[in-house]
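Got your viewer open? Keep the selection box handy and follow along, one stop at a time.

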Amino acid sequence: MSHRDNQLRQEAYAEIEKFRDQVEADPHRLRFHIQPPVGLLNDPNGFIQYNGTYHMFYQWMPFKTGHGAKYWGHYTSDDLVNWQAEPIALTPSEWFEKNGCYSGSAVEANGLMNLFYTGNVKDEEGNRESYQVLATSEDGIHFEKQGVVLELPEEYTAHFRDPKVWKHGEYWYMVVGTQNHDLQGRVALFRSSDLSDWEHMGVVTGAHTDQLDDFGFMWECPDLFELQDNHILVVSPQGLEVEGNHYQNVYQSGYFVGDMNYETGKLKHGSFKELDQGFEFYAPQTTLDDQGRRILVGWMGVPDQDEEHHPTIKHKWIHTLTLPRELTLDGDKLIQKPVAELEKLRKEEISYERVELNGVETTIEGIEGDAFELQLGFEHNKADVFELTLRNNARVVYHKPSGELTLERKRFEDRRMESRTCKIGELEDLRLFVDTSSVEMFVNGGEEVFTARYYPEQENRSVYFASSGELTLNVSHWKL
Ligand code: FRU
């Protein structure tokens, strides 16, 4: 560990100590999500199962609730449910990363955990440089920086970051999110036989290629993987215009389903689909675990989206990661289900069969709280409108005639309602994971997901049900 590295670590640990009480006193502190000990968390990084243990790293700014020279924070877990804080994994201590150890990924090779990430460098005038860096570890806890393995190719601007590495056949491959000199978002592909010499294979896909027109000025956090004999490219393109219900957030994350040709380095793909229909979701990353599951975790936040209005900043922290979701493919649509292990969180089940709603707003005995799982099965739905109100702060509205499902919440700056809507057709079931200040709602067995932060009054623990006509519900509720 260099002197500089040690110094940066000590400063960050001191910051955790200094604000520990203030952070812990926040009623909006989450109970079952990964959150920073202090400061700002953004992208999930280096998600991997290594020697049986799940590792989740995250982009971390210890010294303020804004962005800056990022560290990599670190948690581990045996079950994707209980996470243990580990020592800081990376600090921006070297010349090639002095303005941040930006996002990246992990692979296992030669008995080591290998982290690939972006070294972000800015000069006095704000000019950017980007280096792709390798750090290795035997124990998965202490990392040694091996230095720069890839310099910026001339085809791209210095917006070139977030390497995701995987193995296919005898080669290693790396995708990097980038922008070309015409300011079009692209995914660049590299190939290596030893993880240190990387050959540029060109552009996998991107805006203004033969498969897409205008599609954003920068693509962040690409992730390319195989799923059920198809290839999926998950990516976060910046600069998509609002189109009806689509692309309502500042930036979005989504995916293309296609066929990867490893000889040409091109992905032949269909249209882009958003991964999440809610307010806060960005920069997801996946890993393949030893049960063969493809698991995705996202940042429950979005860049440049009212960070100053989150009330948690009074308590010196901001943002969280989503729950892990298992991915499967149904035709050309990704199905996302909370990983099965999350059932371990369940305490005190309350279930009702065939609860009849008939137009009046009602509570249901025992169905309330500030952290719970709620499952609703819909039967004989003759009502045009169904509504579920959470702690008088977020509301789910299903409009049967249009087949549209809406999530509303109180806007952070002025408490007025704002909404996100998705066409789902018939509503069959909802499964909600409600934490003290977050909602993740899985619709119709994971066909859609809505993710959002919300900041209810602490005393309010109510859940209200309403319908405009006859509707029968099967209800299950667990405290979490
Ligand atoms: C996405 C992102 C990445 C970058 C990181 C910096 O949220 O902008 O492209 O590596 O965050 O924290």
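Is Tyr 247 buried or exposed? Select Tyr 247 and check its surroundings: with a relative accessible area of 10%, this tyrosine is buried, since anything under 20% counts as buried. Bear in mind as you go that you're looking at a predicted model.

**Stop 1: two odd backbones**

Stay on Tyr 247 for a moment. You'll find this residue in the loop between β14 (230-238) and β15 (254-261). Its phi is positive, about 55°, even though Tyr 247 is not a glycine.

Now jump to Asp 304, in the loop between β19 (294-299) and β20 (317-318). Here too is a non-glycine with a positive phi, this one about 60°. Asp 304 is exposed, with a relative accessible area of 59%, whereas Tyr 247 is buried.

**Stop 2: the ligand**

Next, select the ligand and show the residues around it: Asn 42, Asp 43, Gln 59, Lys 70, Tyr 102, Ser 103, Arg 161, Asp 162, Glu 220, Tyr 282 and Trp 299. Colour them by class and you should get three nonpolar, three polar and five charged residues.

Then turn on distances. Try these three:

- Asp 43: a polar side-chain atom lies 2.8 Å from a ligand oxygen.
- Arg 161: an N or O atom of the side chain is 2.8 Å from an oxygen atom of the ligand.
- Asp 162: a side-chain N or O atom comes to 2.5 Å from an oxygen of the ligand.

How much of the ligand's accessible area does the protein cover? On its own the ligand has 320 Å² of accessible area, and the protein covers 92% of that. Switch to cartoon view to see which elements give two or more residues to the shell: β1 (39-50), β5 (101-109) and β9 (156-168).

Before leaving, click Ser 103, which sits in strand β5. At 4% relative accessibility, Ser 103 counts as buried. Its side chain makes a polar contact of 2.7 Å with the side chain of Asp 43, so you can draw that one as a dashed line, as the cut-off for such a contact is 3.5 Å.

**Stop 3: the aromatics**

Show the Phe, Tyr and Trp rings. A search of the whole structure turns up 27 aromatic pairs. For a worked example, pick Phe 63 and Tyr 71: their ring centres are 5.9 Å apart and their planes meet at 70°, so this pair is edge-to-face. What are the relative accessible areas of the two partners? Phe 63 is partly exposed, at 33%, while Tyr 71 is buried, at 1%.

Widen the selection and you'll see that Phe 63 and Tyr 71 belong to one aromatic cluster, together with Tyr 58, Trp 60 and Tyr 75.

**Stop 4: arginines over rings**

Which ring does Arg 346 lie over? Select Trp 478: Arg 346 is over its face, 3.7 Å from the ring centre. For another case, go to Phe 279, where the charged end of Arg 409 sits over the ring at 4.0 Å from the centre.

**Last stop: a loop leucine**

Finish at Leu 80, in the loop between β3 (71-77) and β4 (84-85). Despite the loop address, Leu 80 is buried, with a relative accessible area of 1%. Now draw a line from its C-alpha to that of Asn 99: the two residues are 19 apart along the chain, and the C-alpha atoms are separated by 31 Å.

Terms used
Residues are numbered from 1 along each chain as its sequence is written. This is a predicted model: local features need pLDDT of at least 70, side-chain atom pairs count only at pLDDT 80 or more; totals for chains, interfaces and linings use all residues. Side-chain values use heavy atoms; hydrogens and water are left out. A residue is near a molecule or strand if one of its heavy atoms lies within 4 Å of it. A polar contact is a pair of N or O atoms within 3.5 Å; within protein, one must be able to donate a hydrogen and the other to accept it, and residues adjacent in sequence count only if both atoms are side-chain atoms. Accessible areas come from the Shrake-Rupley method with a 1.4 Å probe; for residues, only the protein chains shown count as cover. Helices (H or I, at least four residues) and strands (E, at least two) are DSSP runs, numbered from the N terminus. Ala, Val, Leu, Ile, Met, Phe, Trp, Tyr, Cys and Pro count as nonpolar, Asp, Glu, Lys and Arg as charged, and the others, Gly among them, as polar. Rings of Phe, Tyr and Trp (its six-membered ring) pair if their centres lie within 6.5 Å; planes under 30 degrees apart count as stacked, over 60 as edge-to-face and the rest as tilted. Buried means under 20% relative accessible area, exposed over 50%, partly exposed in between (1.4 Å probe, protein chains only). A charge sits over a ring if NZ of Lys or CZ of Arg is within 6 Å of the ring centre and within 35 degrees of the ring normal.
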